[in-house]
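Trainee: I would like a close look at a single part of this protein, namely the enclosed space inside it. Please describe the largest cavity and its lining, and then set the next one beside it.

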Amino acid sequence: MRQLLIYLSLVLFISTGSVWAQTTTLTGTITDKSNGEPMIGVTILVKGTTVGTVTNIDGAYNLQVPTDAQVLVYSFIGYETQEIAYIGQKELNIQMQDDSEKLGEVVVNGGYVKQKKGAYTGAVEVVEAEKLEQVPVVSFDQALQGQAAGVVATSSSGAPGASATIRVRGTSSVNAGNDPLYIMDGIQITAGQFSSINTNDIKTLTILKDATATSLYGSRASNGVILIETKRGAGDGKTTIQYRGQFGLSQVVRDNFEMMNTAEKIQYEEEIGIKSYTPEEKLQLLKYDTNWFNEALHNAMSESHELSVSGGNETTRFYLSGGYMFQDGIMPRSDFERMTLRLNLDNKISDKSNFGLNLMLGQEMKNNTNTISNSLLNPIFASRMLNPYLYNKNEDGSYNSNGFPYAVNPFEELDLNENDEQTLKIVGGGFFDVELINNLVYRFNVGIDYYYRTGRGYINPLAYGGQGIKGSTTEAFVRNYRLTPTNTLTYKLNLKESHNFTFLLGQEAVMNQSKSFSVSAKNLPANGLKQVSLGTQIASWGGGMSDYTMASFFGNVNYNYKYKYLADFSLRRDGSSRFGVDNRWGTFWSAGLGWNIQEEELIKGIHWIDQLKLRASIGETGNNNIGNYQHLDLFNFGSYQNQQAIYFGQYGNPDLTWERKIKTNVALDLAIFKRYRTKIELYQEDTKDMLFFLPYSWSSGLGGRMENIGEMTNKGIEVEFDLDLIQTKDFNLNVNTNFAYNRNEVTKLYGGLKELDQVSTLMQVGQPLGTFYLTRWAGVDAATGKGLWYKKDDSVTDFYSDSDRVLQEGKSFIAPWNGGMRTTATYKNLSCSVFFTWMANKYLVNNTRYFTESQGMFTSYNQSKEMLDYWKKPGDKAKHPSPEYQDNQFDTRLLENASFLRLKNINLSYNVNLNKLTRSKVFSAAKIYVQGQNLLTFTGYTGIDPEFHGANELNMYPNVKTYTVGIDLSF
């Protein structure tokens, strides 16, 4: 059923016989257009009078209509009001259409029950298809940043097919995972594996945040839930064929590094005394001034094509789509290719039962460039460190290696060697529901998430890494499947047309198994022979198998009184094989209350208030994302001096149990004048029994074991505005903006500790996770040219020590502020959308500067122009110390403010005039558009990209800006 039917108890309008001399009896039934279900409480009113009625529990109505009536008005909260001309009809059956502008979007309560947002007490965000379609990214996660308050999606790599890091309401765990749970059409899918999913197949993304919204998923929902609903057939008797095509050009987003040119590098080398050149040698070197960044990166082309067919009738609905995408990477050997197929089928077996199928197939192929951050074989690192007087290719087109470190040209190595992978992704399932008795529905749903990934690596015998072993080749595979059967019973009860209940009981199981194997062979007979079987010696082999299971029982009661007072209660019991026998079961719960104040008689008279709603929730969810078998003592098997060996590998913990999170939420929803909408959420989430790897003494032979220790809190505010600033016949202007603040705080560590050193960051009670812990750079001693640092007592020394590190309060790599703003203007058939995203108070260690501004440590490699401002003689006020001291340390010199504002997307589109299309007798709709992605970035961060997720950014694969042109055609 598309939404929970809500009976809105209205004051019946009383007609007066003295006004109307004659009446005609009008009957009919009101149904929901999306699914044909009868609608209770729909108001039917004779326009301009007080004559009216409401529909009963079967959606039927009976109205005495005055013979001189002209217009009938049909209205229901959350649906479009319809005005129907009255010309004496005896029967009028009406289908009501959702009106999302009145905050009546369908939301999903835990994925098990659907209901109207107006009757919902939980914290949810709905991202509609139009915000995701046409965006030139491989997967939907890369398009989520800034779309919803409290949801952070950072792209730490611009490589085609790379996944984004998504956090909902902050980071709440250290070792138990922070990824939200992903459910697609009722089927759990693996986090980070979205590149096989065609974004244009998605209808909505619903993000569940608070306890009421997530508790029905229990132990899997600690970090929020993202529900993916894909498109389905309309069932209106029409078949629609749609083609989408897109072509794009990608470039690096930004490059703030200014490296020395040939003249500057020669001068620098001679000044610091590492080399001395004759005039002839200088003249020879000055022939070349290579911009290695241009050698490493290139403009990249992309294209995508999709064809979908959808439609159906009252009995059967279908949606079938196929897609192809190719995206070249801006770095060598980093392209991505994908083919997708989707089939969604819904069949109404009878008036009481339904059957459906969901199937997605995705096949993707990726070439992987070398991305080892501090390796000269990484093109980005090489583009920084290679001297400008070297050159890439000889006149005959062969690669040059003279003068290169170890006589290895990294770009030749990339050409010689290969590293690619292929992934087959299948997400499929089926459902069957039947109404056993009136209003009691049984539903069975089963889903499978399966992927099979193969990888191949080849090191050419002519390559630097292959010469000693005469080349090598590697074959590997990983296979994983997850089976999830679910049984639910749903009962709807309406008492006295005022009290509306929905009861849900459910049972669910999760069974997951993973298997992997790899083998590598060396000593290949010749260049180009890449099969493992051709190697005369096995270099390595490995593999493994892992599984886990979960059993769950859950229930939910949802209640509303005249759509005015709302209540929601949930309970779930989970058992997981990841914990010991005595601690496998956990109980998770939630309670939510809501008050639709606009339904009070006092407020109903204020015509400009469309919605005024208060809601609150509290509950507990859990987290078991620690991997398998952590509760067991484990032994490892291997070899020692060519003999079989067994050794102790892991300390078990039979007391290991759920990491728990208590969530509270208070919110206000307001809509006025049918044009202005806002939402404010206040929340706090307290993590208890935090799963943490407790370190042991290394004398034990092992690093430690997993335990339930520590506590953490996230609390914050989320604000959204959706404003229709201008609404005229030809011109409309809408501004949609959101921002969120999240304060993370570590509140307890193990063993009474107040802080835990994590090298460049410090986990300290009372401070946010990820707060930097560094020795403070104090500049250069003008008398000696030595580097200076502050000691803990704020005195200055020229000796660096880790013992002088201090907490950099307020400086964490986890940004507390983030948001997005979209402005959409339409004039007749022309539309322009501009979308910005931003983060504030975000800090990063620019690790790349450790190498490019190395204070004399890596002077044989190229350096930043910054290094030309170094101390030369007493009295110099230089930025950098004398290179002779090599005062290069991980200190606050490398810590930068990575706050940013990014023009994420701008789209200009034109919808072809419908009259022209009608005359063509071929097309029913057509749109052409141009757009740009990541066009501008405003930031003080000098690294390659401030959006990086982590503490230290070092030579990441750059994010890209993309220009695309596209066309959408409907037949």
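**Enclosed space in the model**

Mentor: The largest cavity holds about 270 Å³ of space; the model is a predicted one. Its lining is made up of 25 residues, and those closest to the centre of this cavity are Val 137, Gln 142, Gly 158, Asn 959 and Val 960. Three strands each give two or more residues to this lining: β49 (900-911), β50 (925-939) and β52 (960-970). Sorted by class, the residues around the largest cavity are 12 polar, 9 nonpolar and 4 charged.

The second largest cavity comes next, with a volume of about 130 Å³. Sixteen residues line this second space, and nearest its centre lie Val 135, Asn 200, Ser 304, Glu 306 and Met 325. Two strands, β17 (239-252) and β18 (300-312), each contribute at least two residues to the lining of the second largest cavity. Of these strands, β17 provides the largest share, 3 residues. By class, this lining consists of 7 polar, 6 nonpolar and 3 charged residues.

These two spaces belong to a longer list, for the model contains 8 cavities of 30 Å³ or more. As to the principle, a probe the size of a water molecule is rolled over the atoms, and this shows where empty space is left.

Methods. Residues are numbered from 1 along each chain as its sequence is written. This is a predicted model: local features need pLDDT of at least 70, side-chain atom pairs count only at pLDDT 80 or more; totals for chains, interfaces and linings use all residues. Side-chain values use heavy atoms; hydrogens and water are left out. On a 1 Å grid over the protein atoms alone, a cavity is a set of points where a 1.4 Å probe fits but cannot get out, and a pocket is an open set with protein on both sides within 12 Å along at least five of seven lines; lining residues have an atom within 4 Å of a point. Grid points are joined across faces, edges and corners, and a volume is the space filled by probe spheres set on the points. Helices (H or I, at least four residues) and strands (E, at least two) are DSSP runs, numbered from the N terminus. Ala, Val, Leu, Ile, Met, Phe, Trp, Tyr, Cys and Pro count as nonpolar, Asp, Glu, Lys and Arg as charged, and the others, Gly among them, as polar.
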